[in-house]
Amino acid sequence: MTTIEGQDRVLATAQQIVKSLNINTKATEDMILILSSFDNRLSNITDLMEGGTGDRFVSAEKIILRHDSGLGEPSSRSSSPWEESSTEAAEYLEAVDTIIQLTEDLNIQSDADSEIMDRAENALQLAMSRLEDEFLHILIRNTVPLDIDRLYGSIRKGSFSFPSNGIEIGDDFESYREDEDGGSGSGYHHERGPSLGGDVFVDLIHPEAIKELKAIADRMIRSGYEKECCQVYSNVRRDVLNECLSILGVERLSIEEVQKIEWKILDEKMKKWIQAIKIVVKVLLFGEKRLCEQVFSESELIKEISFVETTKGCVMQLLNFGEAVAIGQRSSEKLFRILDMYDAVADVFPDFEFLFTYESGELVCNEVKVVLTGLGEAAIGTFIEFENAVKGENSKRALLGGEIHPVTRYVMNYIKLLVDYSDSLNTLLPNTQEHDPISKELDDIDSGDTLSPISCRLLSLITTLEANLDEKSKLYDDIALGYIFLMNNILYIVQKVKNSELRNLLGDRWIRKHRGQIRQWHTSYLRAAWGKALLCLKDEGGIGGGSSSASKLILKEKFKNFNACFEDIYRVQSLWKVPDDQLREELRISISEKVLPAYRAFVGRHGSQLESGRHAGKYVKYSPDDLENHLLDLFEGRPTVLNNIKRKGT
């Protein structure tokens, strides 16, 4: 007989002795100690008795069974030890520990008593059912409702104005007007993606309950019931997150449903989505991660599985909406909101990578990356459509009064807002200056460095807009009005550049060049509009210093022609519109400086020759002061009649 076989026989004999001595606890304990001194393999007999069929097992079994009545429906189950007192809860957990220890000891023995094993496993199963039930109710009872007011109070928003009527470039531009004071009459405040004001921490579970949850989770995991524990946890917390999404205004919509929503409603949903994804990731997911780490600290695997199973449904619901927007119909009005969504996902993507570290979370991170890429492609596709729309805008109707064209307002406001997204667009746009032949325009830029992708594209857009406006100026039959149109529109562009971040892009040299253009058009306007009137004031055609009938006849004709020219100019140009106060005043001053001295000199030289004649006021109708006063009515954009004229000599 080998040494091992001998040891096994001794151990078996010892176990038989122990069974026979069970009726006398004191004798049993003494005998165990004696037998244990022969071989350290017999030392586990002490554990066998203390946690098996001995007093501790029987006591633990009674505690388990006592709390087992009414398992099932919450309304019929007996009150749990956690509801009664912390002492009873501790007693129950101690009993569970005893049963767990016994089953572990029995499992390592090849010839353990089957009856003891059955009783222990039955008690353990009952205990796990009770703990699972209690785990569920602790989770539900101690969930902290989402404090939406606090979260929204922690959000900082950026906003800027943009037309709300979603006009596309084309004929619809004719209906767009912008408030002169930049108010909100025809525009609205575009709210940028929100950012959380610092680290926002919220309790998802009442802190005092976490210790109880961990105590139960530890025992369920140790007993091999980790799957049940994880499932209960994930089901409860998943429902809570779904409720949080509902509170944040995120609905469960299919891709088809999203694509059927009209733009104004979709825009509101996109705004809520942007808020939601930052709150969900920065606050709720980090909170869930922290909670999983606290409750399931004994198992890295269960910790990760519970977190992923809890959160992936919520995350996928958010991502499905993002995907639906990314593949939806493109229009220029959507670009800024799509860029907001792109920025929001890009901002939280590192958080996703941090939160979903294990293999089980790779799917989530991959899906986030797909949506981020899709939103980026949608943004660039929409931007390109806007570029093409600007190039293709070819409305042929001249605006009355030479006002600022709607396309000018729309494109410049659009470009002004695009600058705010320069970082994102520079990431998304190809890094090339070959998109348009703008080498000539680059000479007007102050920067000696290579322009960024978005800088090239915006410069190209402005250049295209200028060319478009030049063509539209040719639609006017009156050349002078064409110059007024160019001055109004190019000045509007210059002001938008000067008073925004576009100035940093295009620089002061670009601004000076375009102001120089405006001055040239100013000069051309004076020549085109007043040249004929000034020609009437030249001493030509035989006008002398005498008072001959022929000389007077020529003078009368010249005064009549000047009066007719002036009255025609007054009637027409009082309807023209120059919105900028400074430009309007500069035009009036330049007209006064050019016309009044010539008129005053002409009247001074020749007016006296007609004063002595009949109907002198018919020819010298206006004094220089009259003309100067009437010039104040020009470029107001409203009809004016030459009434109450103070005539010279009356």
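Start by selecting D133 and R130: both are buried, where buried means under 20% relative accessible area, exposed over 50% and partly exposed in between (1.4 Å probe, protein chains only). The two residues form a salt bridge whose closest N and O atoms are 3.5 Å apart; the term covers a side-chain nitrogen of Lys or Arg within 4 Å of a carboxyl oxygen of Asp or Glu. Both sit in helix α7 (residues 114-141), 3 residues apart, about one turn of the helix. Helices here (H or I, at least four residues) and strands (E, at least two) are DSSP runs, numbered from the N terminus. An α-helix has 3.6 residues a turn, so residues three or four places apart point the same way.

Before moving on, a note on the model: it is predicted, with local features needing pLDDT of at least 70 and side-chain atom pairs counting only at pLDDT 80 or more, while totals for chains, interfaces and linings use all residues. Residues are numbered from 1 along each chain as its sequence is written, and side-chain values use heavy atoms, with hydrogens and water left out.

**More salt bridges**

The structure holds 29 salt bridges. Next, select D347 and K278, whose side chains meet at 3.7 Å, N to O. D347 belongs to helix α14 and K278 to helix α12, so this salt bridge ties together parts that are 69 residues apart in sequence. D347 is partly exposed at 35% relative accessibility, whereas K278 is buried, with a relative accessible area of 11%.

Now go to E636 and R588, which meet in a salt bridge at 2.7 Å, N to O. E636 is in the segment after α25 (624-631) and R588 in helix α23 (residues 581-611), so the pair ties together parts that are 48 residues apart in sequence. E636 is partly exposed, with a relative accessible area of 22%; R588 is buried, at 9%. Add D581, R584 and R638 to your selection, and you have a network of salt bridges that also takes in R588 and E636.

**Aromatic rings**

How many aromatic pairs are there? The count comes to 20, taking rings of Phe, Tyr and Trp (its six-membered ring) as paired if their centres lie within 6.5 Å, with planes under 30 degrees apart counted as stacked, over 60 as edge-to-face and the rest as tilted. Select Y233 and F296: their ring centres are 5.1 Å apart and their planes are at 80°, so this pair is edge-to-face. Y233 is in helix α10 (residues 226-247) and F296 in the loop between α12 (263-295) and α13 (300-326), so to speak a link between distant parts of the chain, 63 residues apart. Y233 and F296 are both buried.

For a contrasting angle, try F336 and Y421: the centres are 5.9 Å apart and the planes at 40°, so the pair is tilted. F336 lies in helix α14 (residues 335-355) and Y421 in the loop between α16 (406-418) and α17 (422-428), so parts that are 85 residues apart in sequence are tied together. Both ends are buried, F336 at 2% relative accessibility and Y421 at 1%.

Then pick K289 and F307: K289 lies over the face of F307, at 4.8 Å from the ring centre. That label needs NZ of Lys or CZ of Arg within 6 Å of the ring centre and within 35 degrees of the ring normal.

**Into the core**

Select W530, F562, F566, Y570, Y599 and Y622, which form one aromatic cluster. Then expand around W530: leaving aside residues up to four places away in sequence, W530 touches Y525, F566, I569, Q573, I591, V595, L631 and L634, with contact meaning heavy atoms within 4.5 Å.

W530 is also among the residues that touch the most other members of the largest nonpolar core, which has 179 residues; the others are F135, F296, F352, F356 and Y525. Such a core is a set of buried Ala, Val, Leu, Ile, Met, Phe, Trp, Tyr and Cys residues joined through side-chain atoms within 4.5 Å. Helix α12 gives the most to this core, with 16 residues.

**Two last stops**

V371 lies in helix α15 (residues 362-392) and is buried, with a relative accessible area of 5%. Show L319, G322 and E323 as well, since V371 touches these when residues up to four places away in sequence are not counted.

Finish at helix α9 (residues 207-222), where the buried residues include A209, I210 and L213. Just after α9, G224 takes a positive phi of about 85°.
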